[in-house]
Amino acid sequence: PECEIVGDQHHKLSVAGKTIGWHTVHHHGDGRISLSVRAPKGENEALVASDPGKFFMPPYVARHGYVGVYLDNPRVDWEEVRELVTDAYIIAAPKRLSKLFS
């Protein structure tokens with residue numbers, strides 16, 4: 001499939017006022033569609049090392065534990081994306097909400 005990227009789009013994902021990630025399109029002119037989310041400590045580096053064609057260290061926020069995943073990659077594992085978003089939610093959500101995933 002082809003996709004024409006027009007303009008820089010940046011959509012924040014949050015829970016209870018805390019940012020858990022961003023969906024970006026053509027961010028800073030990179031021509032990519034991606035999702036950057038909070039990850040458990042050290043997991044971002046491990047994911048990028050495991051598959052740098054799928055994962056990346058997002059600018060500015062990687063040092064805070066965020067990991068990026070390219071969504072315009074034909075081998076997107078949507079179950080893995082769901083797990084990344086769920087983990088990010090659990091990290092940031094108040095305990096009363098994160099308990100819903102226990």
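**Close-ups of the core and its rings**

**View 1. Arg 32 parks its charged end over the ring of Tyr 70.** The distance to the ring centre is 3.7 Å; to count, NZ of Lys or CZ of Arg must be within 6 Å of the ring centre and within 35 degrees of the ring normal. This is a predicted model, where local features need pLDDT of at least 70, side-chain atom pairs count only at pLDDT 80 or more, and totals for chains, interfaces and linings use all residues. Residues are numbered from 1 along each chain as its sequence is written, and side-chain values use heavy atoms, leaving out hydrogens and water.

**View 2. Phe 56 and Tyr 70 make a stacked aromatic pair.** Their centres are 4.5 Å apart, with 25 degrees between the planes (rings of Phe, Tyr and Trp, the latter by its six-membered ring, pair if centres lie within 6.5 Å; under 30 degrees is stacked, over 60 edge-to-face, the rest tilted). Both Phe 56 and Tyr 70 are buried (under 20% relative accessible area, with exposed over 50% and partly exposed in between; 1.4 Å probe, protein chains only).

**View 3. Trp 22 and Tyr 66 form a tilted pair.** Here it's 5.3 Å centre to centre and 40 degrees between the planes. Trp 22 sits in strand β2 and Tyr 66 in strand β5, 44 residues apart (strands are DSSP E runs of at least two residues, helices H or I runs of at least four, numbered from the N terminus).

**View 4. Phe 55 has plenty of company.** Its contacts (heavy atoms within 4.5 Å) include Leu 47, Val 67, Val 69 and Leu 84, leaving aside residues up to four places away in sequence.
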